[in-house]
Amino acid sequence: MRHLGILTGGGDAPGLNAVIRAAVKYGVGQKGWLLTGIEDAFDGLIARPMRLRRLVPRSCGGLLQRGGTILGTTNRGDPFAWRDGKNHAHDVRVELDRLGIEGVIVIGGDGTMRIADRLMREEGVPVIGVPKTIDNDLGATDQTFGFQSAVDCVADALDRLHTTAESHDRCIVVEVMGRDAGFIALHGGIAGGADVILIPEIPWQVDRLRAKLEQRRNLGRPFSLIVVSEAARPLHGEVPKGRAGQAVVDALQAAEPELDIRLTILGHLQRGGSPNATDRVLATRFGVTAIDLAAADRWGQMVALRNGRVVGVPLAEAVRANRVVDVDGEVVAAARAVGVELGG
Ligand code: F6P
């Protein structure tokens, strides 16, 4: 009987449990394989005894809609350079062999995929990757699960902030996640009707923001919503990490002391909670394709959405480069066409 392991690594994202559920229902329920969950990412592989749990279809009740990951996760911990200063990668291979686990489905972002790729190349651990991140910045796939749920969270927040900003004639700055890419800000901002969207790919200039606020005031709209991606930065000057939204507030307040302005940081609200329907479907397709790749012994591949189809791509390709917003692309053009100010 075939026996696989499965783990989740890096920051969580809505849909992780839906991938696990799909792999269990298909791999165990339909194919009759054994599937062992490895807890807390690579921590579970390095602990002795390994932290493992047998996954069966009966234990999948409610997983489709459940946020987080039942296996636990961490973004600290690389078997090649562990916290104790040692390299545990070879031990991982030996222990998996001893347990009869022939390969591991690794669900994670770019950092996790890099470790999986290295485990396969240097230690011969057979792996299949499944891409996850709310940031949607993995190069090899058109979309990662978790992204659309994060965008929904931003849109919902903007709907709520719209009414209070309008009531008080205020400017509300909303800082969102995205790491070095502006996808969450751009898509969430468009969906929530933001007046200004600032993304790392387009450095902002305070004069352009002021001009937009002024234009709105002249149109009888003395309130504004400004979405700021966490790595957005001004054209001139530096912004310390974690201060992207505050930097916009400070720049506007310095230029217009009378401006009534507030900052909201959405933070981990964007990662928690249930995956939306789109992410549930994508996660299910990814989980099923991961099992298909293992069935075909296509180790060293990552599942990816390419032109509407879920396929396998080499892990090495998947870890090569991260994606950022195409500033000359159609989505940015659409934002501009409906009057959104992008700051630069
Ligand atoms: O990569 C996902 C992400 O949520 C980023 O958008 C954000 O910068 C980062 O993780 C936050 O990570 P942590 O879990 O360390 O707070």
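**Two domains and a ligand**

Eight residues of domain 1 are in contact with nine residues of domain 2, and that is a good place to begin a walk through this predicted model. The protein is divided into these two parts: domain 1 covers 3-146 + 275-318, while domain 2 spans 150-270. If you place a point at the C-alpha centre of each domain, the two points lie 35 Å apart.

Now turn to the ligand. Which pocket does the ligand take up? The space it fills is the largest pocket. Both domains help to form the shell around the ligand, with at least three residues drawn from each of domain 1 and domain 2. To find that shell in your viewer, select Asn75, Thr133, Ile134, Asp135, Met177, Gly178, Arg179, Glu230, His268 and Arg271, which surround the ligand. Sorted by class, the shell holds two nonpolar, four polar and four charged residues.

Let us look at some members of this shell in detail. Where does aspartate 135 stand relative to the ligand? A polar atom of its side chain lies 2.6 Å from a ligand oxygen. Glutamate 230 also places a side-chain N or O atom by the ligand, at 2.7 Å from one of the ligand's oxygen atoms. For histidine 268, the distance between a side-chain N or O atom and an oxygen of the ligand is 2.8 Å. As for how far the protein covers its guest, the ligand taken alone exposes 400 Å², and the protein buries 68% of that.

Methods
Residues numbered from 1 in each chain as written. Predicted model: local features only at pLDDT ≥ 70, side-chain atom pairs only at ≥ 80, totals over all residues. Heavy atoms only, no water. Near = heavy atom within 4 Å. Polar contact = N/O pair within 3.5 Å; in protein donor to acceptor, adjacent residues only side chain to side chain. Areas by Shrake-Rupley, 256 points an atom, 1.4 Å probe, with all protein chains shown as cover. 1 Å grid on protein atoms, 1.4 Å probe; cavity = no way out; pocket = protein on both sides within 12 Å on 5 of 7 lines; lining within 4 Å. Sits in = over half its atoms within 2 Å of the grid points. Nonpolar A, V, L, I, M, F, W, Y, C, P; charged D, E, K, R; others polar. Domains from an automatic or database assignment. Contact = heavy atoms within 4.5 Å.
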